[in-house]
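Hi everyone, thanks for making the time. I'd like to walk you through one structure today, starting with the overall fold and then moving to the empty spaces and a few residues around them.

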Amino acid sequence: MNGEAIPAPLLPTPLLEVRQLAMHFPISEGIVLNRKIGEVKAVDGVDFTINRGETLGLVGESGCGKTTTGRCILRLERPTAGQILFDGRDVNRMERQELTALRRRVQVIFQDPYSSLNPRMKVGDIIGEPIKVHGVERDPRRRRDRVRELLSVCGLDPKFTDRYPHEMSGGQRQRVGIARALALDPEFIVCDEAVSALDVSIQAQVINLLEDLRERFGLTYLFIAHDLSVVRHLCQRVAVMYLGRIVEMADSDELFDNPLHPYTQALLSAVPVPDPRIEAARAFRPPRGEVPSPINPPSGCVFHPRCPMAVDGCKQARPVLRELRPRHWVACSEVN
Ligand SMILES: Nc1ncnc2c1ncn2[C@@H]1O[C@H](COP(=O)(O)OP(=O)(O)OP(=O)(O)O)[C@@H](O)[C@H]1O
Ligand SMILES: [Mg+2]
């Protein structure tokens with residue numbers, strides 16, 4: 001740092017700030033007394049920010065808390081602790097009016113459009129519904145025009161308005177899911193495994209579409225995924241989660257070329273396969289051993305039971321994220 005101030009307009013502005021987020025689900029026993037006998041620490045102290053126009057990838061093995069993090073951002077869960085600031089405002093303190101605005105400004109795209117799209121509704125109604133509910137366009141004809149425009153923006157023929165989801169392919173359905181997410185002109189989209197269920201060739205098309213939309217509409221994404229090759233292509237920065245915590249976070253190329261945390265290294269250790277189909281199918285190569293349960297997570301560093309570098313101290317002290325290289329954060333006391 002040479003100490004020179006960066007002119008304000010050039011500073012990246014955070015659209016989303018997640019601070020010390022924790023989501024512990026109670027486990028209870030008995031119907032009458034409903035006694036709490038423990039808790040699932042699905043998310044346990046997560047911090048990150050996403051700047052306007054940026055895509056942050058969130059990766060990690062099944063059950064590490066990715067979806068729960070996304071649901072907290074969407075205010076579908078009330079976190080146990082921590083804060084989520086959207087555009088500087090705490091989402092859990094928002095009152096009705098602000099919350100209604102948040103429901104427009106923040107959208108989600110799910111993995112499986114088949115289960116998230118109402119099978120009894122025509123595509124035109126699926127996409128038009130949020131526009132109607134939020135009173136964005138009351139005139140039916142103009143609403144239909146808007147739906148047709150959204151379809152074409154997402155690479156679908158406007159005549160698809162009269163189709164049902166089951167009459168479309170997986171890739172087309174996911175485009176409908178994207179069109180619906182765009183219907184209210186959002187600023188931020190949580191993409192939760194948005195392309196994971198699609199064939200590799202279709203995945204690439206949908207990824208390209210998401211990237212085009214980001215540029216065209218100035219969108220910001222949290223991109224949750226298993227497939228590391230997809231993440232590298234789409235995300236400017238990547239955060240790696242393990243058992244409810246972020247263990248490493250860096251710019252995408254830096255993370256893939258120079259992983260510092262032993263967990264990330266294990267994930268990336270398999271030699272890349274030149275055939276993109278095999279590479280994509282490989283997706284996620286978790287390190288050996290079972291992921292411990294988030295009900296009774298290991299003490300200290302939660303990765304220590306599986307870690308090849310673990311020393312005694314790792315069982316006691318919980319490592320915090322430290323910036324070991326510029327913009328490269330690692331939660332490991334053994335890496336310097
Ligand atoms: N409502 C809930 N009540 C209790 N436990 C829950 C609840 N929702 C999630 N969990 C648990 O929290 C942990 C994190 O789940 P989450 O769905 O966030 O993981 P994930 O990283 O999205 O996994 P996947 O890759 O399989 O989608 C899991 O152990 C899960 O069983
Ligand atoms: Mg999930």
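So, the protein chain has 11 helices and 12 strands. Please keep in mind that this is a predicted model. Along the principal axes, the C-alpha atoms occupy a box of roughly 70 × 60 × 45 Å. For 336 residues, a compact globule would come out with a radius of gyration near 20 Å, and the chain has 21 Å, so the two agree. Of those 336 residues, 48% count as buried. As for contacts, if we take the ones between residues at least 6 apart in sequence, 64% of them join residues at least 24 apart.

Now to the spaces. Rolling a probe the size of a water molecule over the atoms shows where empty space is left. How much space lies in the largest pocket? The answer is about 390 Å³. It is lined by 14 residues, and those closest to the centre are Arg103, Val106, Gln107, Val108 and Leu184. Which element gives the most to this lining? That is strand 6, with 3 residues. Strand 6 covers 106-109, and it is joined by helix 2 (96-105), helix 4 (123-133) and helix 6 (170-182), each of these elements supplying at least two lining residues. By type, the pocket lining splits into 9 nonpolar, 2 polar and 3 charged residues.

Let's stay with two of those helices for a moment. Helix 6 has 13 residues and spans 18 Å from first to last C-alpha, close to the 18 Å expected at 1.5 Å a residue. Is helix 6 largely enclosed or largely open? It is largely enclosed by the rest of the structure, because 10 of its 13 residues are buried. Among them are Arg173, Gln174 and Arg175, along with Val176, Ile178 and Leu182.

In helix 4, the buried residues are Val123, Gly124, Ile126, Ile127, Gly128, Pro130 and Ile131. Their cover includes helix 5 (140-153) and, once again, helix 6. Just past the end of helix 4, glycine 135 takes a positive phi of about 65 degrees.

Next, the closed space. The search over the whole structure turns up 1 cavity of 30 Å³ or more, and about 30 Å³ of space lies in it. The residues lining this cavity include Glu193, Ser196, Gln203, Phe223 and Asp227. Strand 8, residues 220-225, provides the largest share of the lining, with 3 residues. In total, the cavity lining divides into 6 nonpolar, 2 polar and 2 charged residues.

Let me pick out one of those residues, glutamine 203, which belongs to helix 7 (residues 200-217). Its relative accessible area is 7%, so glutamine 203 counts as buried. Setting aside residues up to four places away in sequence, glutamine 203 touches Val195, Ser196, Leu198, Asp227 and Val230. Of these partners, Val195, Ser196, Asp227 and Val230 also appear in the cavity lining.

One last stop, at cysteine 301. Where does cysteine 301 sit? It is in the loop between helix 11 (276-282) and strand 11 (322-325). With a relative accessible area of 13%, cysteine 301 is buried. Beyond its neighbours within four places in sequence, cysteine 301 is in contact with Cys314, Ala317, Arg318 and Pro319. And here's one for the distance fans: cysteine 301 and lysine 41 are 260 residues apart in sequence, and 14 Å apart in space, C-alpha to C-alpha.

That's my tour, and I'm happy to go back to any part of it.

Definitions and conventions:
Residues numbered from 1 in each chain as written. Chains lettered and ligands numbered in written order. Predicted model: local features only at pLDDT ≥ 70, side-chain atom pairs only at ≥ 80, totals over all residues. Heavy atoms only, no water. 1 Å grid on protein atoms, 1.4 Å probe; cavity = no way out; pocket = protein on both sides within 12 Å on 5 of 7 lines; lining within 4 Å. Points joined across faces, edges and corners; volume = space filled by probe spheres on them. Helix = DSSP H or I, 4+ residues; strand = E, 2+ residues; numbered from the N terminus. Nonpolar A, V, L, I, M, F, W, Y, C, P; charged D, E, K, R; others polar. Expected span 1.5 Å × (residues − 1). Buried < 20%, exposed > 50% of the residue type's maximum accessible area, 1.4 Å probe, protein only. Contact = heavy atoms within 4.5 Å. Rg over C-alpha atoms; globule rule 2.2 N^0.38 Å.
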